[in-house]
Amino acid sequence: MKTEDLALFHRIAETGSLIEAADLLNLPKSTVSRRLQALEDELNIKLFHRQSRSMTLTSAGSHFYQRSQNILAQLDETLFEMTNDDAEISGHLRIQMFPIHSMKILMQAIFRFMDMHPKLTLEVISSSESVDMVKHNLDVAFVVEPALDTLDLVVRPIFTTDLRFYASPQYLAAHGTPKTPQQIESHNVSLFRLSNGKIFNELWIGSEQEVRVRGNFCSNSVEVAVEFALQGRGIVYAPVEVVDEYVQSGELVTLLPEIQPHQGECFLAYPSRRYVSLASRRFIDYIMQELVPNGVPTNMSEQGTRRSCKASSEAFSDDVLPLSRQKIELVSL
């Protein structure tokens, strides 16, 4: 029995579809079907109930999935223990990246990791959609605090960013300057919506105060929201490092500067109910070394937008989602 056939079986079980598994593995459907049939013949058991649009595990298939998952995990653990930190790794990594302003920082680190391991192939999917990482065969995801669903995920904070409210002098001249957090609520504030339809209209000022905002403009891009403010159309809630140049030039004004900024967080996440491959382990360790060198997540606002990593020795509907601080149980590898 080949380990790659076991991995193929797991992809089919997790996607529930031959076609989806074939697409994820970049293999013809006929090849996936043939290899699955060969595995069933070798085991002399029926692993799946085959239906027109989906495949579900039989009782024997479910038992085999659970036991073979442990086998794959133990095999990968053995390889992990036998290789040193400088050992060349191969394989394929699928990474989901929330479209965040610090994407450049993460991509620089990712490309250096690829240079260290030239036999590794890597795929980055930029998306704000919350998906089942196991079903979509995602090894690692970079997600921000409000988009985080911790169900069946291990999450580790990698960096923070300081968030404040900003507006242009033109807007403030026309509509007045808010002097208190409560006054922000009466202004036109650019909103953020995830692909799942949720809108964030409860935002933090500092560490304790929360305001409920409203506005006539919504986007899923920080840069687009900043442009909204630059055009004098309203207020934007944005990371300090993203708007610093506009504040310096006088194009934007910091609101409520006497109040400490709120610290937003970005996390590295990976599935807890699937074994972590050797390539994934090395990648996770590398990112943690790069961005959390002393156990403290990097503050991007303090580092600035030009930081480069170095290798270390609506009217609103009822579906609004508060941008709130979440209590997350962190798990180390």
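This passage describes the overall make-up, a small sheet, the nonpolar cores and the aromatic pairs of one protein.

The structure is a predicted model. The protein contains eleven helices and 15 strands. Its chain has 333 residues, of which 48% count as buried. The surface that the protein exposes amounts to about 17,100 Å², and carbon and sulfur atoms supply 48% of that area.

One open sheet is built from three strands, arranged in the order E8-E7-E11, with mixed pairing. The edges of this sheet are occupied by strand E8 (199-200) and strand E11 (218-219); each has a single partner strand, so one side of each is left without a neighbour in the sheet. In general, the strands of a sheet pair through backbone hydrogen bonds, in either a parallel or an antiparallel sense. Here, strand E7 (residues 191-193) pairs with E11 in the parallel sense, over two bridges. Within E11, cysteine 218 is the residue that stands opposite leucine 191.

The interior was examined next. The largest nonpolar core comprises 31 residues, and those that touch the most other members are Ile110, Phe142, Ile158, Leu268, Phe283, Ile287 and Leu291. Several elements each supply at least two residues of this core: E3, helix H5 (103-116), strand E4 (120-126), strand E5 (140-144), strand E6 (153-167), strand E14 (262-271) and helix H10 (278-291). The most is given by H10, which contributes eight residues to the core. Apart from this core lies another, of 23 residues, which includes Val144, Phe200, Trp204 and Ile205.

The surroundings of isoleucine 158 illustrate how residues of the largest core meet residues elsewhere in the chain. When neighbours within four places in sequence are left aside, isoleucine 158 is in contact with Leu106, Phe142, Cys266, Phe267, Leu268, Ile287, Met288, Leu291, Val292, Pro297 and Thr298. Among these contacts, Phe142, Leu268, Ile287 and Leu291 also belong to the group that touches the most other members of the core.

A polar residue was also found in a buried position. Glutamine 96 lies in strand E3 (residues 91-97). Its relative accessible area is 7%, which is under the 20% limit, and glutamine 96 therefore counts as buried. Not counting residues up to four places away in sequence, glutamine 96 touches Ile125, Ser127, Glu129, Val131, Leu138, Val140, Ala141 and Phe142.

Aromatic rings were considered last. The count comes to nine aromatic pairs. In one of them, phenylalanine 9 and phenylalanine 64 adopt a tilted arrangement, with 5.2 Å from centre to centre and 50° between the planes. Phenylalanine 9 lies in helix H1 (residues 3-15) and phenylalanine 64 in helix H4 (residues 59-82), so this pair ties together parts that are 55 residues apart in sequence. Phenylalanine 9 and phenylalanine 64 are both buried. A further tilted pair is formed by phenylalanine 165 and tyrosine 237, at 4.7 Å centre to centre and with 45° between the planes. This pair links distant parts of the chain, since phenylalanine 165 is in strand E6 and tyrosine 237 is in strand E12 (residues 236-239), 72 residues apart. Phenylalanine 165 is buried, with a relative accessible area of 3%, and tyrosine 237 counts as buried at 14% relative accessibility. Finally, one aromatic cluster is formed by Phe9, Phe48, Phe64 and Tyr65.

Technical notes
Residues are numbered from 1 along each chain as its sequence is written. This is a predicted model: local features need pLDDT of at least 70, side-chain atom pairs count only at pLDDT 80 or more; totals for chains, interfaces and linings use all residues. Side-chain values use heavy atoms; hydrogens and water are left out. Two strands pair if DSSP finds at least two bridges between them. Helices (H or I, at least four residues) and strands (E, at least two) are DSSP runs, numbered from the N terminus. Buried means under 20% relative accessible area, exposed over 50%, partly exposed in between (1.4 Å probe, protein chains only). Contact means heavy atoms within 4.5 Å. A nonpolar core is a set of buried Ala, Val, Leu, Ile, Met, Phe, Trp, Tyr and Cys residues joined through side-chain atoms within 4.5 Å. Accessible areas come from the Shrake-Rupley method with a 1.4 Å probe; for residues, only the protein chains shown count as cover. Rings of Phe, Tyr and Trp (its six-membered ring) pair if their centres lie within 6.5 Å; planes under 30 degrees apart count as stacked, over 60 as edge-to-face and the rest as tilted.
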